[in-house]
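Open the structure in your viewer and keep the selection tool at hand. This tour goes stop by stop, telling you what to select and what is there.

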Amino acid sequence: MKKIINDPANVVAESLRGLAAAHADILRVQYDPDVVIRAGAPVAGKVAVISGGGSGHEPLHGGFVGPGMLAAAVPGAVFTSPTPDAVQAAVTATTGDAGALLIVKNYTGDVLNFETAAELAAAEGLEVRSVVIDDDVAVKDSTYTAGRRGVGGTVLLEKITGAAAERGDSLDAVTALAQKVIGQVRSIGVALTAPTVPHAGTPSFDLDENEIEFGIGIHGEPGRERIPAEPADALVARMVEAVVSDLPFASGDRVLLFTNSMGGTPLVELYLAHGIAERLLADRGIVVERRLVGPYITSLEMQGMSLTLLKLDDELTELWDAPVNTAALRWGL
């Protein structure tokens, strides 16, 4: 295993120190337990949108802390849910009278630990709601979940709810908006290679040179099937069909298309795939009104990609376009 690390046990803490040094204008890091907190939090009169999960998916979630997006992010160890006390610390540090919304990806550890933290925060007198995102169309159940997994749609959910909180929406309104997004977003991912978790030192699974794992999870969980390697046109068509047929999306729908690298796929390949997806959606009469392309929810150095579609309306488009200032997303300022 060759990685730019020191002790595998200290990877997350050392990475967080670098994040804090690079972006001291918009965030700070609290250690033991580890929490990434928006500078100036809590913000009076505004809902705190909080998310988190295992590290190794950067920039998710710490890279999305800042004005217009998250109030706090809670990083666990690599591919491991953060503990309830860490989530509770994030809630305590960022939640004012307007309350907090916890965004939880549908992995068993995350769901249980965030639920426990919400109960602990409520005992402190804080008003906390939770939503669980489960946008992955690949499988219904997996090693880590009961039901569908939370994947690329998480990025879009955090941006849109963060914008609603920034404009001063109530906790009820931000929660209802989150549920709306969850109902209208779908994703699928593929892997060409496996990631290597630092403390394990070996790839998470075996994949032959001529194989692709179709429907992979962000921790390297199995997908729908292993397929022979195929040209980009055929692979992206397979992915588009899986996503479009699930909601289903129909001719005339307005959508946001998010083409994501799993960490090891370079932009030259990612833009190639994005262009194919745009063409295939246009052939179906689906109108791509907004786009996001890049490594925004990764799986360490996994070579692969995911496609996410969110059905848009005027309100969701306005909130997507709203100003944001985080380490990973910045526009409209």
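The stops below run from strands to a helix, then to pockets, a cavity and two single residues. Keep in mind that this is a predicted model.

**Stop 1: strand β12**

Select residues 304-311, which make up β12. This strand is mostly covered: seven of its eight residues are buried. Now add β7, residues 185-191. β7 and β12 pair in the antiparallel sense, over seven bridges. To see one place where they meet, pick G189 and look across to S306 in β12, which stands opposite.

**Stop 2: strand β10**

Keep β12 on screen and select residues 254-261, strand β10. Here too the pairing with β12 is antiparallel, and seven bridges make it up. Which residue of β12 is the bridge partner of F258? Highlight T308, and you have the partner.

Next, bring in strand β11, residues 287-294. β10 and β11 run parallel and are joined by seven bridges. Pick V255 in this pair, and find V288 of β11 opposite.

How many of the eight residues of β10 are buried? Seven are, so the rest of the structure largely encloses this strand. While the strands are on display, a general point helps: side chains in a regular strand alternate between the two faces of the sheet.

**Stop 3: helix α6**

Select residues 232-244 to show helix α6, which has 13 residues. From the first C-alpha to the last, α6 reaches 18 Å, close to the 18 Å expected at 1.5 Å a residue.

Show the side chains of L235, V236, M239, V240, A242, V243 and V244: these residues of α6 are buried. What do the buried residues of α6 pack against? Add the partners one at a time:

- β7 (185-191), already met at the first stop
- β8 (211-214)
- β9 (225-228)
- α7 (267-283)
- β12 (304-311), where the tour began

**Stop 4: the second largest pocket**

Stay with α6 and select L192, I212, L235, T265 and E269. Of the 22 residues lining the second largest pocket, these are the closest to its centre. The space in this pocket is about 350 Å³. L235 links this stop to the last one, as it is also among the buried residues of α6.

Colour β8, α6, α7 and β12, each of which supplies at least two residues of the lining. Which of them gives the most? It is α7, with four residues. Now colour the lining by class: 13 residues are nonpolar, four are polar and five are charged.

**Stop 5: the largest pocket**

Move to V11, S15, S55, G56 and E58. They lie nearest the centre of the largest pocket, which is lined by 32 residues. Its volume is about 580 Å³. The elements that give two or more residues to this lining are α1 (11-22), β3 and β4 (72-78). Select α1 for the biggest share: six residues of the lining come from this helix. By class, the lining holds 15 nonpolar, twelve polar and five charged residues.

**Stop 6: the largest cavity**

How many cavities of 30 Å³ or more does a search of the whole structure find? There are three. The largest cavity holds about 100 Å³ of space. Select R38, V43, V47, A48 and A71, the closest to its centre of the 15 residues that line it.

Then show β3 (48-55) and α4 (153-166), as each supplies at least two residues of this lining. α4 gives the most, with three. Ten of the lining residues are nonpolar, two are polar and three are charged.

**Stop 7: two loop residues**

Select A44, in the loop between β2 (35-38) and β3. Is A44 buried or exposed? Its relative accessibility is 74%, so A44 counts as exposed, the cut-off being over 50%. Add G168 to the selection. A44 and G168 are 124 residues apart along the chain, yet their C-alpha atoms are separated by 9.7 Å.

Finish at H219, which sits in the loop between β8 and β9. Though in a loop, H219 is buried, because its relative accessible area is 9% and buried means under 20%. For a last distance, add Q88: the C-alpha atoms of H219 and Q88 are separated by 24 Å, with their positions 131 residues apart along the chain.

Terms used: Residues are numbered from 1 along each chain as its sequence is written. This is a predicted model: local features need pLDDT of at least 70, side-chain atom pairs count only at pLDDT 80 or more; totals for chains, interfaces and linings use all residues. Side-chain values use heavy atoms; hydrogens and water are left out. The expected span of a helix is 1.5 Å times one less than its number of residues. Buried means under 20% relative accessible area, exposed over 50%, partly exposed in between (1.4 Å probe, protein chains only). Contact means heavy atoms within 4.5 Å. On a 1 Å grid over the protein atoms alone, a cavity is a set of points where a 1.4 Å probe fits but cannot get out, and a pocket is an open set with protein on both sides within 12 Å along at least five of seven lines; lining residues have an atom within 4 Å of a point. Grid points are joined across faces, edges and corners, and a volume is the space filled by probe spheres set on the points. Ala, Val, Leu, Ile, Met, Phe, Trp, Tyr, Cys and Pro count as nonpolar, Asp, Glu, Lys and Arg as charged, and the others, Gly among them, as polar. Two strands pair if DSSP finds at least two bridges between them.
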